[in-house]
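This report is meant for a reader who is new to the structure shown below. It takes up the sheet, some helix contacts and the spaces inside and at the surface.

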Amino acid sequence: MSTPLDTNALKARQQAAWASGDYAVIGTTLQLVGERLAEACDLRWDEQVLDVAAGNGNATLAAARRGCRVTSTDYVAELLKRGEERARAEHFKVDFEVADAEALPYKDGIFDVVLSTFGVMFAPDQPQAAREMARVCRSGGRIGLANWTPQGFVGQMFKTLGRHVPPPPGALPPSRWGDEMALRAMFEGAIGMLDINPQYFNFRYRSAAHFIEVFRTWYGPVHKAFASLEPEAASALERELTQLLDESNIGGGASLVVPSEYLEVVITRR
């Protein structure tokens with residue numbers, strides 16, 4: 001008999017990972033994704049918007065730039081602080097609140113739009129997180145998501161990390177959120193309309209070594225993976241990541257440009 005997944009233990013492990021390094025160093029480069037998603041969701045001035053697992057606030061800022069009244073949430077307070085700094089610098093009034101995607105502290109149907117860019121997909125209890133996003137979104141409102149796909153570069157990078165630092169038994173891969181059939185199952189009963197468009201984000205670095213250096217230093221899951229390994233095992237992980245990066249590179253020998261597929265998802269709430 002398999003051991004049930006301890007989601008609280010996994011959540012604590014994830015919180016420690018995301019609080020390590022400094023995700024904002026990576027996250028700010030992904031701002032384009034938040035802007036695209038805001039347009040896909042057709043955000044309107046004065047709409048009430050919730051950003052779930054907001055990280056350093058890319059979707060938050062995109063919504064604020066379109067005149068929305070935004071609540072930005074994450075279960076890692078350190079990440080919200082970076083989003084708060086960015087909002088303050090652009091003179092936006094945003095509410096920042098520590099909140100768990102699996103237990104959002106809001107009434108049913110009070111938001112016009114609920115967003116998440118590469119955030120809620122990491123929730124340990126995926127169906128519960130989907131239920132919570134649907135619960136707080138009003139009927140006729142929109143749920144907008146940007147999720148890495150299993151077959152895309154980031155999905156493959158996480159698969160590589162998992163071979164070297166296996167996840168707890170029973171843990172579902174975050175990239176399930178980048179699979180249409182899994183999304184339909186998670187949001188079953190909440191979907192009025194579903195619009196899914198594959199998109200690509202290009203990671204741009206000097207080289208594979210430069211990418212690994214940045215992610216190993218600042219990106220929580222990669223930082224924690226390397227920190228947990230003995231030197232020989234860490235070298236093996238570095239070699240495998242280098243191979244993946246080199247195979248994915250379309251930038252030629254002088255630079256690194258790696259396209260990573262993600263799904264841009266807009267669910268109109270039933």
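What follows describes a predicted model, beginning with the sheet and ending with the cavities and the largest pocket.

**The sheet**

Seven strands make up an open sheet with mixed pairing, and their order across the sheet is S3-S2-S1-S4-S5-S7-S6. At the edges lie strand S3 (95–98) and strand S6 (191–205), each of which pairs on one side only. Between neighbouring strands of this sheet the turn is 20° on average, with direction ignored. Helix H3 (residues 31–40) packs on the sheet, where it touches strand S4 (111–117), strand S5 (137–148), S6 and strand S7 (256–269), and the direction of H3 makes about 30° with that of S7. At the S3 edge, strand S2 (residues 69–74) pairs with S3 in the parallel sense over four bridges, and Thr73 stands opposite Glu97 in S3.

**Helix contacts**

Helix H10 (220–228) takes part in both of the helix contacts described here. Helix H9 (residues 208–218) packs against H10 at an angle of about 90°, with the two axes 5 Å apart. Because angles of 65 to 115 degrees count as roughly perpendicular, H9 is roughly perpendicular to H10. In this contact, Ile212, Phe215, Arg216, Thr217 and Trp218 of H9 meet Gly220, Val222, His223 and Phe226 of H10. Sorted by class, the residues of the contact of H9 with H10 are five nonpolar, three polar and one charged.

Helix H1 (7–19) also meets H10: the axes of H1 and H10 come within 7 Å and cross at roughly 100°, which makes H1 roughly perpendicular to H10. Here Ala16, Ala17 and Trp18 in H1 meet Gly220, Pro221 and Lys224 in H10, and the residues of this contact divide into four nonpolar, one polar and one charged.

**Cavities and the largest pocket**

Rolling a probe the size of a water molecule over the atoms shows where empty space is left. In this model the count comes to three cavities of 30 Å³ or more. The table gives volumes and the classes of the lining residues.

| Space | Volume | Nonpolar lining residues | Polar lining residues | Charged lining residues |
|---|---|---|---|---|
| Largest cavity | about 310 Å³ | 17 | seven | three |
| Second largest cavity | about 90 Å³ | twelve | no | no |
| Largest pocket | about 710 Å³ | 18 | six | three |

The largest cavity, with a volume of about 310 Å³, is lined by 27 residues, of which Ala53, Asp74, Phe118, Gly119 and Val120 are the closest to its centre. The lining of the second largest cavity includes Trp18, Tyr23, Phe118, Trp148, Phe203 and Phe215, and helix H2 (23–27) and helix H7 (153–164) each supply at least two residues of that lining. Phe118 therefore belongs to the lining of the largest cavity as well as to that of the second largest cavity, where no polar and no charged residues are found.

The largest pocket is likewise lined by 27 residues, and Arg13, Phe158, Val165, Pro167 and Pro221 lie nearest its centre. The elements that give two or more residues to the lining of this pocket are H1, H7 and H10; H1 gives the most, with six residues.

Note on methods
Residues are numbered from 1 along each chain as its sequence is written. This is a predicted model: local features need pLDDT of at least 70, side-chain atom pairs count only at pLDDT 80 or more; totals for chains, interfaces and linings use all residues. Side-chain values use heavy atoms; hydrogens and water are left out. On a 1 Å grid over the protein atoms alone, a cavity is a set of points where a 1.4 Å probe fits but cannot get out, and a pocket is an open set with protein on both sides within 12 Å along at least five of seven lines; lining residues have an atom within 4 Å of a point. Grid points are joined across faces, edges and corners, and a volume is the space filled by probe spheres set on the points. Ala, Val, Leu, Ile, Met, Phe, Trp, Tyr, Cys and Pro count as nonpolar, Asp, Glu, Lys and Arg as charged, and the others, Gly among them, as polar. Axes are lines fitted to C-alpha atoms, for helices over the stretch in contact, and angles run from 0 to 180 degrees between N-to-C directions. Angles under 35 degrees count as roughly parallel, over 145 as roughly antiparallel, 65 to 115 as roughly perpendicular and the rest as oblique. Contact means heavy atoms within 4.5 Å. Two strands pair if DSSP finds at least two bridges between them.
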